[in-house]
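Biologist: Could you take me through one part of this protein up close, the biggest pocket? I'm in my first year, so please start with the whole molecule and then zoom in.

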Amino acid sequence: HVDASLPGRALARTGPGRVLPFQAAYAGGHSSPAKEAPPIEVRELAMGTRAEWTPPASTAATAAIGPTDAARAVAAMRAAMEELELPLPRRPWLDELSPVYDLAALCAEARSHIVVGLVDDPARQRQAPAVFDPDAEGNVVFYGSSGSGRSTALRTVALGATLAQDGGPVHIYGIDAASGGLDPLRPLPHVGAILDVEDAERVGRLMRRLVAMVDERAARYGAVHASHVTEYRAAAGAPEEPRVLLLIDGYGAFQSEYMNEVGRHETFAHFAKVLSEGRSVGIHVVLTADRAGAIHSSIQAQLSRVMALRLNDDNQYALMGLKRSAMAQDAPPGRAVDVARGSEMQVAVLGASPSIAVQAREIAALAESLSGRQEWVAPDVRAMPTVVSEESLPRAVEGLPVLGVEELTLEPLGLRLDRPLLVAGQAGSGRTATLLWLSRAIARAHPNKRQVLLTMRRSQLAEEGHWVHAATSATEIEALIDVLRPFAQTYGDGDEQLVVVIEAVNDFIGSACEMALLTLVRELRRNGHAVVGEAESSAWAMGMVPAEFKSARRGLLLQPDGQDGVLVGAQLPRIARSSMPVGRGVFVENGRVRVVHIPLAARKLSTDPPPAQRAMAGAS
């Protein structure tokens with residue numbers, strides 16, 4: 001037993017059954033080389049009484065205690081070494097990592113690698129640049145809590161690839177799901193785009209571009225037997241072949257936005273392909289996440305290198321195979337542990353300053369130095385235009401009139417005229433302008449097709465457009481239907497095909513001409529003529545004529561909400577209202593959902609049909 005009230009008391013086992021208690025000396029004690037003065041005792045003696053007098057405590061005496069014995073021993077050894085002029089002993093350890101290092105200086109030291117910081121190797125007592133070898137390691141993830149330096153790490157990887165000597169050109173794309181930490185990279189000419197995670201249109205376009213690049217490069221690299229971009233550059237004599245880095249800051253939000261969302265899972269599938277097949281063709285992904293559970297296991301398996309920054313929950317270190325005390329909670333931003341190697345490193349920054357403003361100025365200066373190198377210029381990820389002019393579109397696409405610009409390819413999309421088309425949308429979404437454009441687009445592609453307008457209201461459509469006939473009342477509509485039925489009962493082919501546009505289909509419900517119109521629509525549909533019906537989204541709910549259009553499961557839904565898909569029997573993707581300006585909508589055909597932007601007429605359409613149409617009007 002060792003009494004806890006006796007600090008320094010210990011037991012020493014010196015042999016079998018031999019236990020010797022001893023008291024360890026206290027190295028922090030104080031002693032004085034001077035001889036102590038004898039004590040002085042003072043007592044009062046009066047009338048047989050006796051009282052001892054104790055002098056008051058002296059602060060001077062306390063201050064004169066001097067250094068501890070250990071400090072005096074160290075001072076004596078130092079004095080002896082100086083007097084004997086002995087060399088200083090070797091320090092058995094290096095200085096602790098600093099909270100900040102200059103990336104440019106470290107890149108100059110490791111010329112041909114992507115430098116991300118300085119690594120501390122206590123076992124070998126060395127500190128050297130920490131590098132990322134994308135050809136061997138493929139993809140990287142940085143785990144860290146808020147303020148741990150996640151965004152800084154992504155910027156450093158991008159800048160390290162930029163500053164790598166003899167590393168060849170690099171093209172960089174970023175998806176920001178955090179707080180704009182990638183924005184300072186925008187001035188660099190080789191940064192093609194920094195996209196917001198909610199910009200589903202451009203994110204999807206970027207992923208499709210990268211997948212196409214993977215497929216195209218796989219064929220070229222295989223032809224010269226190259227297993228990565230560095231080998232391809234040497235084997236094909238193509239030093240200008242760019243390496244591509246995809247940075248995703250805040251991967252958890254990206255995964256929740258795209259992994260299981262309707263209409264977006266294809267984008268996630270493309271990302272997964274880039275992640276798994278990109279390394280061998282020079283396309284690499286660098287992610288950040290706030291915890292290990294934020295990344296799906298199928299994605300974790302593709303991340304070859306894992307870096308742990310400071311985490312709020314010590315249990316997260318254990319999930320990565322590290323000690324719970326792998327990182328101190330007061331560790332500076334950018335301090336990281338390489339999970340596979342167990343080594344600690346400090347992420348470097350451009351400008352050797354933790355200030356974002358200083359780093360941004362250094363990045364801008366670097367951008368100026370790269371401005372004349374064309375092979376470093378990365379193509380942008382274009383956004384869908386908010387205004388499409390008629391002059392920018394061809395007259396036809398493979399013989400079909402142009403519906404609008406498709407989101408996936410940003411190319412004109414043709415519209416087949418052999419099936420009914422439903423046009424729906426809320427007030428102000430551009431339905432009338434869409435009908436005007438469809439009339440013009442059909443006239444541009446097929447000047448001799450006969451176009452007819454049926455409407456129960458006074459409408460600008462009747463005054464504009466390429467109509468052979470425009471009926472604007474129940475009486476006129478009934479008379480026109482009688483004229484149209486013989487043509488509707490014959491097969492519509494080429495210029496013999498009728499194009500019938502019905503404005504405000506709901507106005508015909510309960511009218512005297514409802515049944516006649518229903519019969520006409522069915523005959524037009526049966527014989528391959530074109531029929532277009534328009535109404536507000538809520539107006540398609542009831543009626544026999546609306547039901548005829550809905551059964552075709554083909555429509556253009558302008559500025560749709562989540563429920564409009566039932567009109568065409570399709571589930572629509574989640575689309576932010578801010579990404580749906582006037583004239584933009586979802587085109588559904590054969591179960592395929594595509595976002596399109598409809599051109600809006602820049603000037604009043606001509607009311608004079610082409611000569612061939614006027615002749616047919618007279619014949620009718």
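Modeller: Sure! One term before we start: the radius of gyration here is taken over C-alpha atoms, and the rule for a globule is 2.2 Å times the number of residues to the power 0.38. Keep in mind that this is a predicted model. For 620 residues, a compact globule would come out near 25 Å, but this protein has 40 Å. Its C-alpha atoms fill a box of roughly 145 × 80 × 55 Å along the principal axes. Inside that box you'll find 18 helices and 24 strands. Of the 620 residues, 46% count as buried. Now look at who touches whom: among contacts with a separation of 6 or more, 68% join residues 24 or more positions apart. As for the outside, the accessible surface comes to about 30700 Å², and 53% of that belongs to carbon and sulfur atoms.

Okay, on to your pocket. The largest one has a volume of about 770 Å³. Its lining is made of 36 residues, and if you want to find the middle, look for Ala200, Gly263, Glu407, Pro573 and Val595, which lie nearest the centre. Where does the lining come from? Helix H6 (200–223), helix H9 (265–277) and strand E24 (592–597) each supply at least two residues. H6 gives the largest share, with five residues. And the chemistry is a mix: sort the lining by class and you get 13 nonpolar, ten polar and 13 charged residues.

Definitions and conventions
Residues numbered from 1 in each chain as written. Predicted model: local features only at pLDDT ≥ 70, side-chain atom pairs only at ≥ 80, totals over all residues. Heavy atoms only, no water. 1 Å grid on protein atoms, 1.4 Å probe; cavity = no way out; pocket = protein on both sides within 12 Å on 5 of 7 lines; lining within 4 Å. Points joined across faces, edges and corners; volume = space filled by probe spheres on them. Helix = DSSP H or I, 4+ residues; strand = E, 2+ residues; numbered from the N terminus. Nonpolar A, V, L, I, M, F, W, Y, C, P; charged D, E, K, R; others polar. Buried < 20%, exposed > 50% of the residue type's maximum accessible area, 1.4 Å probe, protein only. Contact = heavy atoms within 4.5 Å. Areas by Shrake-Rupley, 256 points an atom, 1.4 Å probe, with all protein chains shown as cover.
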